[in-house]
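Me: I have a chain open and some questions about how it packs. Can we go through it?

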Amino acid sequence: MAPVLTHFPRSIDILLQLTQKLVHFSTTMEYIDSAKNALRTDFTWNRVGHLAARGARAFPQASVEYVLDKFPIIGWLPRYNYRWIINDIIAGLTIGLMLIPQGLSYAKIATIPVQYGLMSSWAPSVIYAFMGTTKDLSTGPTSLISLLTAEIIEALHGEEWSPVEIASAVAMMMGIYGMAIGFLKLGFLLEFISLPVLSGFISAVAITIILNQMDSLLGEPNVGDGTATQIRDIFQQLPQANGYACAIGFTGILLLTVLDQAGKRWGEKNRIIWFLSITRAFIALVIFTGVGYAVNHSRGASENYLFDVAKVQADGQEPPNVPSAALLSKVASRSIAVFVGSAVEHTAIARAFAVRNNYVTDQSQELTYYGVTNVFNSFFHAMGVGGAMSRTAVNSACNVKSPLSGFVTTAVVLVSIFKLVGTLYWIPKATLAAIIITAVWPLMSSPRVFYGYWKTSLADFISSMIAFWVSLFVSTELGIASAVGFNIVYVLLRQVFATVRPLPDAQSSTSSELPLPLSVPHGDIPSHVNLPPDVHVFAFTDSLFFPNAYHAKHAIIDTVKTMHAPIFNGSCGLEQERQWSVTGENRIAKLRRQAGITDGTHLPAIGLLVLDFGRTNHVDVTACTHMKAMVKEVRMYGGASVEVRFANMSEYVRQRFERAGWTLVDGWPAGSDGGSQDGNKVTRVFDSLVDAVLAPRQLSTRLGTSGSEKSSGKSVKEGREKVSMREQV
């Protein structure tokens, strides 16, 4: 009996533990059942699961496409027309000759030994041949990057690193930022830099660069730093200016200006004048290097020279070296402004020349190239690089056919590094200053541009002035940061203090912006209305301004190219007439597959584009500019006869467009005989979407018996016309 009593309490404990475990198990099962039920019924979890499953299915093919996109040469090289090789050689040679004086000059701006400008110039062109998405863009040292790099070198002056090491570290950080944004396809982040901010920032940079070159141009000693100090010192030291340096410098400016203007006036008629004009910097370099050698080589020590020379000294390309981690941490935050300014400039130049020459560029891929090139360059003691407007314009003027011209450019620069460095020792500093001043002068926006911002939007004008004055008198980093900060605060304040207006009563004759998207006449097109196949309607669902304007523009263009056939011109015609780039056609083919369009040969043309602004209560200068570019691109694709109409515009939005340079006139109601035939010089504004779609066309844009009427869209799946004619942007 005793043993039984002894084990009884222990049995009770075991039973209690088992009971607790059963309760715990039951509770756990309840949690599991609850979680299962949440997974079955919760919208967010179902959406996450759906996206994950779709991503897993698309991952293999998407991975291959992603890798191929990083090397566009794989797509276009097999289709290269070997008759283009002469154009590419001439263009590559010309850009190489331009890069020699510009590389030296921009290294001088960056306050590093000028030979490192050449060492920064050989790799970008050959890398761009593999990774670039434009045929025209020329990359290398630029005035903007040089000035911002010089500011970082000045800020770290006196520490343990040399200017060349600091410049290389800045290049590496630029590359890291570029690769991060490019590989992750986050290029849209750069759209937070509005056009007015960019105009003010670049204008201030150009003035700062010119002021920095005045001491070399005039041969003045001891000119200080800072805009106000430089202006004072330049005028105070005019009596001590070197007359020989002034003669060399101003003669160089005169020569460069004369050749530039001659090329603009007679270059199209005379190829010799054209070639002299585009190689004017190289010509000035050769002439004045000869002068520098002739008057100074017999004078012994450099203190006896009549004027200062560059004293280029190098023994070929230096061996690679990795910037130190401690230095990278020092320049990481300071390099953000360099990256932002140069990346925006790079992508803007690429887009501009793609539109001009009728092909498509990939902004994210351009940033990937930008990042890879700067990281690679940083190993070779090089400064940062990016797209340059002047060289890109010359490259385009040479009728370059593909990025293969970059191999020739690289060869020219390498020859100068290994064979011509001794000769370049005698380049007068005043000549380099003259080349820099004439190169950056066109970068300054005219007062008319800023007055246009004033007329269009006070906020845009203020942001441009903040970027200009702060960059000019404080620092470029703070200038662009403060202007962007102002824009962000302005956008937030517009949302916080959104205006709500009461509906007008029956006795009132005034109209309000608020009821426009709510009233029946301004709503969607009625179901009984049959839209012509050459009509496409887009409705903006929110304000249109600098963060979303670029995306909205490309959403419209992509949809038009997906759902409509192009006019047959250079890029869409015969194979021997086609452009080198396949990026655009690959993108449109992908979009058409996603839309279920298997045969694009019978798509209707685009004849009328209607933009519905019923829900848009604000636009800015950037939006108005992007909409102009959108109209231009649509007409390049669909023909000059494409008509663009606006609908449901509030008076505020209409005034913004008009102050930005648009010519807007009232439309006529549907069912009328139409108005004057004024072509595409004006844009008609209609009170309702129905009127905008059904009102008579201009004579040049009405449907005929050929073209879009014959291609009525039968190849598109039944019902697609209804969907495609109404897009939400």
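Reply: Yes, with one term settled beforehand: buried means under 20% relative accessible area, exposed over 50%, and partly exposed in between, using a 1.4 Å probe and protein chains only. This is a predicted model, where local features need pLDDT of at least 70, side-chain atom pairs count only at pLDDT 80 or more, and totals for chains, interfaces and linings use all residues. Residues are numbered from 1 along each chain as its sequence is written, and side-chain values use heavy atoms, with hydrogens and water left out.

Me: Is Cys 246 buried or exposed?
Reply: Cys 246 counts as buried, because its relative accessibility is 18%. Cys 624 is buried too, at 1%.

Me: How many disulfides are there in the whole structure?
Reply: Zero, taking a disulfide as a pair of cysteine sulfur atoms within 2.5 Å.

Me: What share of the chain counts as buried?
Reply: 49% of the 729 residues.

Me: And which residues touch the most other members of the largest nonpolar core?
Reply: Ile 112, Ile 166, Ile 193, Phe 201, Val 331 and Ile 480, in a core of 77 residues. Helix H9 (residues 195-218) gives the most to this core, with 11 residues. A nonpolar core here is a set of buried Ala, Val, Leu, Ile, Met, Phe, Trp, Tyr and Cys residues joined through side-chain atoms within 4.5 Å. Helices (H or I, at least four residues) and strands (E, at least two) are DSSP runs numbered from the N terminus.

Me: What is Ile 480 in contact with, beyond four places in sequence?
Reply: Ile 193, Val 197, Phe 201, Ala 337, Val 340 and Ser 471. Contact means heavy atoms within 4.5 Å.

Me: What does the second core include?
Reply: That separate core has 36 residues, among them Ala 91, Trp 274, Tyr 369 and Leu 424.

Me: Switching to H13. How far apart are its end C-alpha atoms?
Reply: 24 Å, which agrees with the 24 Å expected for the 17 residues of H13 (residues 280-296). The expected span is 1.5 Å times one less than the number of residues.

Me: Which residues of H13 are buried?
Reply: Ala 281, Ala 284, Leu 285, Phe 288, Thr 289, Gly 292 and Asn 296. Down the axis of H13 they fall within an arc of 125 degrees, so they line one face of the helix. The arc is that of the directions from the helix axis to the C-beta atoms.

Me: What covers them?
Reply: The cover includes helices H4 (85-109), H11 (243-266), H19 (421-424) and H20 (429-440).
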